[in-house]
Amino acid sequence: MSTQSPILIVGSMAFDDLELPSGHATNVVGGSATYSSFVASTFAPVRVVAVVGDDFPEGTLGSMRARGIDTVGIERATGKTFRWAGRYDADLVHRTTLDTQLNVFASFQPKIPAEYRDSPFLLLGNIHPALQLEVLEQVRAPKLVVADTMNFWIHGEPKTLAALLARVDTLVINDEEACELSGTRNVSRAAREILRRGPKRLVIKRGEHGALLFDEYGLFAAPGFPLEDVVDPTGAGDSFAGGFLGYLAGLPEVTPLALRRAMIHATAAASFCVEAVGTSRVATLEKSDIARRVSEIRALYDFGASTM
Ligand code: AMP
């Protein structure tokens, strides 16, 4: 019997202008909700709440629907779609935000359709923390709430972010953001400090170095999957979050072991994201792709039974 529970994802849908070592890519369809919903739909039914402008391609919404993603909650507003511009260093590890234009996001008030309000799994993708809180208010007793954020909000909206932290189960952020949020430079200390502020567990993404899960059972490390061709890291974090929650939504129960397995499935999903520009790879991701990569990740740790 299928145990897949629906996931409600709220986040940005965007046009991204990317300066990559391989060249510039402009007007690339991106956004936190776009990446994570494509990935999560590999595992479970997905509902999206977001806003796009009148310039956003209908074709992308069509590809989402073709994967069973419910787009009824995506509002098309008059004006321009949210736009983000970033430049990556030659190593594709560090990036600089060049521009953020909120556009239709500036006046967006998320309205959760009545049929979405009982969604058991909630992914509060990277958007203004006040909007994340508004969504949380409108959902009835979700089983698991995962939130993502970024430096833009850590610096710009510290109080609202603090209110959000007190109410989420799992926070997913990258190592730099964890240090900025906590005011410490050591990742483990940062984790301890952030957990003190509310979330039950914390996932710290470390790019090519993998990701760490801190919870009441201790620490779990997922490796970065070594890829030969990294093309565009944009959306890797959102893909990770979509894979993490997507995997959990396909299980009858969220156990400590399930959370650890979710970390590995999320790693696998994110590794596909970075192999192509924008959402082009995650838009066609299949469960079998993820299963194959999970086996490859498992092999990274396989050194036989201990004889020492
Ligand atoms: P990631 O690489 O996982 O951090 O995700 C990058 C995606 O997040 C891009 O597609 C951007 O459009 C989107 N993004 C960047 N900045 C923001 C922001 N301040 N609020 C919402 N979404 C953003």
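**Close-up 1. Leucine 124 has alanine 147 of strand β9 as its bridge partner.** Welcome to this predicted model; we start where two strands meet. The pairing of strand β8 (residues 121-124) with β9 is parallel and spans 4 bridges. Helix α3 (residues 129-138) joins the picture here: together with β8 and β9, helix α3 forms a β-α-β unit that is right-handed.

**Close-up 2. Strand β9 also pairs with strand β10 (residues 170-174).** These two strands run parallel and are joined by 3 bridges. Look for valine 146, whose bridge partner in β10 is threonine 170.

**Close-up 3. Strand β9 (residues 144-148) is largely enclosed by the rest of the structure, because 5 of its 5 residues are buried.** Follow the side chains along the strand: Leu144, Val146 and Asp148 point one way, while Val145 and Ala147 point the other way. Both sets are buried.

**Close-up 4. Phenylalanine 244 touches both Val146 and Thr170.** Here we meet the bridge partners valine 146 and threonine 170 once again. Leaving aside residues up to four places away in sequence, the other contacts of phenylalanine 244 are Val203, Leu259, Ala262, Met263 and Ala266.

**Close-up 5. Met13 and Phe244 have the most contacts inside the largest nonpolar core.** This core counts 54 residues, and helix α9 (residues 256-273) gives the most to it, with 11 residues. Another core, of 47 residues, lies apart from it; Tyr88, Ile173, Ala190 and Leu202 are among its members. As a general backdrop, nonpolar side chains in soluble globular proteins tend to be buried together.

How values were computed
Residues numbered from 1 in each chain as written. Predicted model: local features only at pLDDT ≥ 70, side-chain atom pairs only at ≥ 80, totals over all residues. Heavy atoms only, no water. Buried < 20%, exposed > 50% of the residue type's maximum accessible area, 1.4 Å probe, protein only. Pairing = 2+ DSSP bridges. Right-handed = clockwise from strand over helix to strand, strands pointing away. Core = buried A, V, L, I, M, F, W, Y, C linked by side-chain atoms within 4.5 Å. Contact = heavy atoms within 4.5 Å.
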